[in-house]
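Colleague: I would like to go through the labels used for this model and hear what each one rests on. Please set the value against the cut-off each time.

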Amino acid sequence: MTVARVKIGRDPPSPRPILDRQILIRALDEADISLKGGQLDLFYQLLHRQNYPSLDEFVANYYRLEDKETRDTLPVVDVPTRYPIAKNRNRRQLPRKFLDFLADPANDFCTVTSKVEAAYESSDKTTTKLAVKLHDGHVVESVIMRYITRDGSRVSQCVSSQVGCAMGCTFCATGTMGIRGNLNAGEILEQIVHAGRILNEEAKENTAKQKELLETYGNKQKKKPQLALVRNVVFMGMGEPLNNYDNVVGACRGLIDPKRWNLAHGRVTISTVGVTPRIRKLTRDLPEVSLALSLHAPNQAMRSAIVPAAKAYPIEDLINALDAHMMALLGKHHKKMNDHTITKYTKKDRIQASKRRRAMIEYVMLEGDTSSFECAHQLGKLCENRHLVVNLIPYNQTDVKDKLRCPSEDHMRKFQDIVASYGSFCSIRRTMGADIASACGQLVVEQEKKNADIEDGPFAKTTKNATPKKQVIKRTKSTAKDSTHNTVSSEHDKDVNEYQKEYDIDRLIKRLSIATTVAASCFFLSAAIHFVRRQKR
């Protein structure tokens with residue numbers, strides 16, 4: 001039997017990803033090409049609106065915009081954007097030297113440097129797992145998740161930030177791989193490009209998939225289905241995002257850029273095992289994005305046993321850093337926050353911050369000590385008076401050294417009730433894609449064990465058109481009992497509702513005040529102009 005050889009380390013990017021802004025800026029500096037303010041943003045905006053064609057095609061399309069007859073025939077992606085695109089009547093909006101640079105193959109830039117090696121769809125058609133092959137043969141995973149309810153629909157995507165992971169969590173398939181290298185910002189964003197193309201094709205074809213999903217989950221929706229675009233991005237795939245800090249932050253800036261993906265800041269979530277200094281740095285650099293702490297145990301001893309990297313970061317410091325991130329925007333608004341400490345906030349302030357879900361705790365439910373009711377009380381006390389969001393994750397069994405299992409649903413419900421009794425919003429995450437190995441790193445690890453040679457990459461050639469495992473996922477209608485388990489305590493809900501009413505009134509008063517001020521200013525200005533004109537007569 002031939003033992004699979006696993007490639008360690010990353011090769012220099014070749015071709016270079018055009019979506020990595022910093023790589024492009026360095027290349028332009030080397031080529032002595034300077035762009036005026038806003039021109040690089042315009043380039044990325046136009047590239048996004050054309051659905052990321054090849055650079056040759058992009059340059060050709062750019063010049064075609066000069067022709068009135070062909071201007072309206074270019075492909076445009078239905079992406080909401082706050083700023084309209086310029087008509088581009090003047091070719092000098094982007095310098096000719098820059099366009100020539102893009103079209104020159106000698107510069108070794110490419111719109112998309114990776115490719116989808118294989119796509120696996122769950123039996124209920126809500127989840128698609130992508131195996132994305134990078135330029136140097138490494139493979140990372142990305143998951144498209146379609147959520148459809150009577151209240152509406154949305155698409156979320158889970159992306160990877162590293163090949164492998166150095167944190168070594170005992171229950172995680174990626175942790176068994178070790179760290180092999182970082183993804184650059186362009187490779188992270190390319191995962192969203194791949195997902196967008198798949199969703200766009202589904203929307204164009206109006207496939208039976210969407211009809212089937214609507215029939216399954218209820219076609220009496222209040223809103224029109226939104227299944228053509230990724231609306232939420234979570235960094236919960238392979239790797240520890242904060243160990244690849246600069247590239248992850250660069251990718252986040254691209255996602256929230258109003259001229260590109262234009263995702264709401266709260267719809268981009270970075271999940272971390274807990275690197276306290278980097279959490280505080282993220283709070284300073286990008287306080288708008290959401291942060292999820294993979295806690296998995298309520299005390300230092302238990303956490304260190306299942307998350308080896310936790311030994312370097314005391315759990316109290318992590319919770320304080322998470323709390324500071326949740327309150328960062330409010331603290332910044334009131335100018336009450338510095339780098340390491342925050343002033344005391346009122347209960348209403350915390351409820352307001354909690355409602356936006358800027359910070360949450362992820363807690364994987366493993367059969368054993370960490371899922372005991374005693375730990376539930378410890379977790380509740382750890383979050384008490386902070387109004388942190390706690391998300392319980394049913395364990396998706398993977399092929400790790402220790403054979404771990406998920407507790408029963410009844411046990412998880414009781415655990416949830418205990419945590420919620422301390423005032424935190426506690427929910428149980430819906431499991432998706434269990435039949436397509438959708439747990440972090442699970443698919444790559446399984447396929448690597450079947451490989452005989454690294455030249456074939458982590459996937460064998462025969463898996464390119466692979467079909468999902470035959471497994472039927474039974475779905476049951478939600479009951480009243482289930483719905484009550486997915487809410488916070490009644491007292492907490494009452495506080496949220498009362499505060500929300502007050503908050504809405506305050507916002508309305510503020511807007512009316514601004515409108516009144518503007519109207520009064522216009523009145524006095526028009527009166528002054530009228531007076532001056534009469535004097536001239």
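Colleague: Why is R429 called partly exposed?

Modeller: This is a predicted model, and the figures are computed from it. R429 has 28% relative accessibility; buried requires under 20% and exposed over 50%, so R429 falls in between and counts as partly exposed.

Colleague: What makes R429 and E362 a salt bridge?

Modeller: The cut-off is 4 Å from a side-chain nitrogen of Lys or Arg to a carboxyl oxygen of Asp or Glu. The side chains of R429 and E362 meet at 2.9 Å, N to O, so the pair qualifies under that limit. The pair links distant parts of the chain, 67 residues apart: R429 is in the loop between β14 (425-428) and α15 (442-448), and E362 is in strand β12 (residues 359-365).

Colleague: Is E362 buried or exposed?

Modeller: Buried: E362 is at 3% relative accessibility, and the limit is under 20%.

Colleague: How do you know that E202 and R146 form a salt bridge?

Modeller: Their side chains meet at 3.0 Å, N to O, against a limit of 4 Å. E202 lies in helix α5 (residues 185-205) and R146 in strand β5 (residues 139-149), with their positions 56 residues apart in the chain. E202 has a relative accessible area of 10%, so E202 is buried. R146 has 2%, so R146 is buried as well.

Colleague: What makes the pairing of E409 and R413 a salt bridge?

Modeller: The N to O distance is 3.4 Å, which the 4 Å limit admits. E409 and R413 both lie in helix α14 (residues 409-420), four residues apart, about one turn of the helix. R413 is at 13% relative accessibility and therefore counts as buried.

Colleague: How many salt bridges does the whole structure have?

Modeller: The search finds twelve. Salt bridges that share partners join R10, D136 and E187 into one network.

Colleague: How many disulfides are there?

Modeller: Zero, from a search of the whole structure. The criterion is a pair of cysteine sulfur atoms within 2.5 Å.

Colleague: Why are C406 and C522 called partly exposed?

Modeller: C406 is at 25% relative accessibility and C522 is at 47%. Partly exposed runs between the 20% and 50% cut-offs, so C406 gets that label, and so does C522.

Colleague: Why is V268 called buried?

Modeller: V268 is at 0% relative accessibility, and buried means under 20%. V268 is in strand β10 (residues 268-272).

Colleague: Which residues is V268 in contact with?

Modeller: Leaving aside neighbours within four places in sequence, V268 is in contact with V233, F235, C252, L255, I256, L263, V289 and S290. The contact limit is heavy atoms within 4.5 Å. V268 and F235 are 33 residues apart in sequence, with 8.0 Å from C-alpha to C-alpha.

Colleague: Which residues touch the most other members of the largest nonpolar core?

Modeller: F43 and F235, in a core of 96 residues. Helix α7 (residues 245-256) gives the largest share of this core, seven residues. A second, separate core has 16 residues, including C169, F171, V275 and A310.

Colleague: Which residues does F43 touch?

Modeller: Not counting residues up to four places away in sequence, F43 touches I18, L24, F58, L94, F98 and L102.

Colleague: How do you know that the buried residues of α3 are on the same side?

Modeller: Helix α3 (residues 55-64) has L55, F58, V59, N61 and Y62 as its buried residues. They cover an arc of only 160 degrees around the axis, so they lie on the same side of α3. The buried residues of α3 pack against α2 (39-49), α4 (96-103) and β2 (109-110).

Colleague: Why is D323 called buried?

Modeller: D323 is at 3% relative accessibility, and the limit is under 20%. D323 lies in helix α10 (residues 315-326). The C-alpha atoms of D323 and M360 are separated by 9.1 Å, with their positions 37 residues apart along the chain.

Colleague: What share of the residues in the chain is buried?

Modeller: Buried residues make up 50% of the 537 residues. The chain has 17 helices and 14 strands.

Terms used
Residues are numbered from 1 along each chain as its sequence is written. This is a predicted model: local features need pLDDT of at least 70, side-chain atom pairs count only at pLDDT 80 or more; totals for chains, interfaces and linings use all residues. Side-chain values use heavy atoms; hydrogens and water are left out. Buried means under 20% relative accessible area, exposed over 50%, partly exposed in between (1.4 Å probe, protein chains only). Helices (H or I, at least four residues) and strands (E, at least two) are DSSP runs, numbered from the N terminus. The arc is that of the directions from the helix axis to the C-beta atoms. A nonpolar core is a set of buried Ala, Val, Leu, Ile, Met, Phe, Trp, Tyr and Cys residues joined through side-chain atoms within 4.5 Å.
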